Number of protein chains: 2
Amino acid sequence: MKHDWKALFSDNIREYGGYSIGKIMALCNDPEIISLAGGLPSPDMFPKEGIRTASARLLEENLEAVFQYSPVPGEASLMEAVTDYLAADNIGIKKDNLVITSSGQHGLDIIGRVLLNPGDTVLLDRPTFAGAIVAFQMQRPRFAGVNLQPDGSDIIVYRKKIADLRKAGQTPKFIYVVPDFQNPTGITMSLEKREALLDLSYETGILIVEDSPYRAFRYQGETVPAIYSLDQQRDGDHVVGLYTFSKLFCPGIRTGFAIGPPAVIQAMTNVKEGNLLNTPKYNQDLCTAFLRDMNIDAHLATCRTFYGRKLKVFLATMERYFPEKTGVTWTRPEGGLFLWVTLPAHIDTKKLFYEAIKFKVAFVPGEVFYGENPENNHMRVNFSYASEEQLAEAIKRLADCISNQL
Amino acid sequence: MKHDWKALFSDNIREYGGYSIGKIMALCNDPEIISLAGGLPSPDMFPKEGIRTASARLLEENLEAVFQYSPVPGEASLMEAVTDYLAADNIGIKKDNLVITSSGQHGLDIIGRVLLNPGDTVLLDRPTFAGAIVAFQMQRPRFAGVNLQPDGSDIIVYRKKIADLRKAGQTPKFIYVVPDFQNPTGITMSLEKREALLDLSYETGILIVEDSPYRAFRYQGETVPAIYSLDQQRDGDHVVGLYTFSKLFCPGIRTGFAIGPPAVIQAMTNVKEGNLLNTPKYNQDLCTAFLRDMNIDAHLATCRTFYGRKLKVFLATMERYFPEKTGVTWTRPEGGLFLWVTLPAHIDTKKLFYEAIKFKVAFVPGEVFYGENPENNHMRVNFSYASEEQLAEAIKRLADCISNQL
């Protein structure tokens, strides 16, 4: 007897396909392809000697503890280092506001599990981070999207949308935002909008989930306070913050953290416990060493210069190959790893993706960044991984490929 | 405005408390306490030089790849090493039968998410592994328990239970078993029962989840074939196998694997992707080095001798301190890390736990190992972590504590 697997699977997972970007990346394995598709930080920025030194010390002095089970919420030493790191960003947390996660993706999944029933509504931007959509989808929520503006989320339409949803009995469980150098657009939310978003949260009692993977990577302009820190100047308890070491330090470490109201953090910790117990201590201890011993200020300064130059080259090359008459537009981020390119409305970037592969260049079709009703004429491009020469060449190939479609 | 958190949380998580063993362990921090509560392998058995050598090589030769994102299903090199490891146990798998997980607990959570809707039934033993109950609970299933026998699951009662459940419209989604040196009892399922369990699975179409964390740790007697391998001599596709490197290698590595029908493994991989993307490559590469370069046969022989001696000391000391007239009985496992002690029916081991702490000894109260209707007069004791002298002393303290209750 053979099983009818689909019938056997849970309702939440039956139609679940995981991360469609992952599937697309598999098509970029040809070494001649310059990929602007990934979200990879450059390995040139990994603090290699710091890692080697810290690792050797851990394995020499502390191997037995490093490779044993360790506490579910996280290593005390990392939790203290993270608390200090956040304090420098005007975020004041105590131990019960913090749980170490096994990546930013992990934080997204756990907060989704804690808050979402099937059919619950999540309010988010159009476009927004595909990984968040993919994590939340495992709970089968509805997504209510609001078009993102050049200065961040459209709080006026958020308010209207919430009123409409409430009338329909669908008060959103939370509002998901990436306020700093948003993935996929690179857009940063203005201070005014952050305050307006908090106003809305206080009016409606709807929690804000603030995802901050790129916050430290500002290459120009002034840092805008984290929504979490602005909330702390009010009553507090209206924001859950999600962070990762993936961009700050390196993705392979698979370590991140979440901050928030103690009740939410306790629930997240319980779910983490049933999900996988503890984040590996070795990986946490390397993050502690990164925050404590690897001269993080100098490291971040190096990263900002390095990625800032790439962004500058990228933007200048875009100007050259996509003059105004092409009708191609793009965002001009002040930080992060991505920008968002908009093509004339008749071009479907999913179809274009397969064309681009023939031209040996890759990007992510914009449709994966929508919770509902995707738009089809955008693409996300990453400027952090390829070299400056490759970036310029990639844009040239992209222009060759797109010129056929214009 | 303050939030009503419970109202905000999802139905699955609202009452979820995580792992109650974890909370109990926090009471065992007094260094004078000899803890038989944990499930910790002895750090004496960690292959320390092998880890140091492999780690140094990875960080010297391959740091940039090791700390970058890596494929969600797992590293090809580890998947090949695992395939070879399983082949030696007469289990033949291909690439699409295998996904690397971030621990045994992770495998349990993912299979629960893939298969269980709220209200679905899981058939399991009484008692069974608490971590499985805790993982599955996040999907809010019903648990149907059948009393475990000295030679494993009671397949006759399983069959009757399934018939009863079917009449009530509650066909179990799967049967969860730990056939080798079960946690918490140490009991091993006989070959006859493994075949009978497969017969039942083929008759009813109900999937078997075979959890095998301790399978390699047999100290005496003959190895019984894995249910997965017995299934492969039939049609196959009736078993999902869950494994971990936690006992085999070390828990802090947080790496395991799951094997099964390609449709199930694909669904598990999709969930893993939304949950946390990839297991850290460093951790996977150390497991590959463990399987390939650390003389695993010699390592396992050392572990078997080391833990086998501890078990022998433990059993001999139990005989001495708990003569028949005390009415205390216990299992006599041939492997694994645990045994199961049954006290006279009037003794509640949860209350006894707090007494035992005063006597500076700890165990896990048996009630956490039941999906439903817990029995209260059992305890799980671990014999792998404490030294032989500590084990003997712990039993003496336990006898002093219990004698007050008899």
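**Exercise 1. In which sense do β3(B) and β4(B) pair, and over how many bridges?**

Solution. Strand β3 (residues 121–126) of chain B pairs with β4(B) in the parallel sense, over six bridges. Strands here are DSSP runs of E with at least two residues, helices are runs of H or I with at least four, and both are numbered from the N terminus. Two strands count as paired if DSSP finds at least two bridges between them. One of the bridges sets Thr121(B) against Arg142(B) in β4(B).

The model is predicted: local features need pLDDT of at least 70, side-chain atom pairs count only at pLDDT 80 or more, and totals for chains, interfaces and linings use all residues. Residues are numbered from 1 along each chain as its sequence is written, while chains are lettered from A and ligands numbered from 1 in the order in which they are written.

**Exercise 2. Give the strand order of the open sheet of chain B.**

Solution. Step one: the seven strands follow the order β2-β8-β7-β6-β5-β3-β4, and the pairing is mixed. Step two: β2 (98–101) and β4 (142–147) of chain B are the edge strands, each pairing on one side only.

**Exercise 3. Place β7(B) between its partners, and state why it is largely enclosed.**

Solution. Step one: β6 (residues 207–211) of chain B runs parallel to β7(B), joined by four bridges. Ile208(B) is opposite Val239(B) in β7(B). From β6(B) the chain passes through helix α10 (residues 227–232) of chain B to β7(B), a right-handed β-α-β crossover (with the strands pointing away from the viewer, the path from the first strand over the helix to the second runs clockwise).

Step two: β8 (residues 256–259) of chain B pairs with β7(B) in the antiparallel sense, also over four bridges. Here Leu242(B) faces Ala258(B) in β8(B).

Step three: β7(B) (residues 239–244) is largely enclosed by the rest of the structure because six of its six residues are buried (20 or more other C-beta atoms within 10 Å of the residue's own, C-beta atoms being placed from the backbone). Val239(B), Gly241(B) and Tyr243(B) point one way, Val240(B), Leu242(B) and Thr244(B) the other.

**Exercise 4. Describe how the two domains of chain A meet.**

Solution. Step one: domain 1 of chain A covers 5–46 + 298–403 and domain 2 covers 62–293, with bounds from an automatic or database domain assignment. Their C-alpha centres lie 23 Å apart.

Step two: each domain of chain A gives 33 residues to the contact (C-beta atoms, placed from the backbone, within 7 Å). On the side of domain 1 of chain A that touches domain 2, α14(A) supplies the largest share, six residues.

Definitions and conventions: Buried ≥ 20, exposed ≤ 12 C-beta atoms within 10 Å, placed from the backbone. Contact = placed C-beta atoms within 7 Å.
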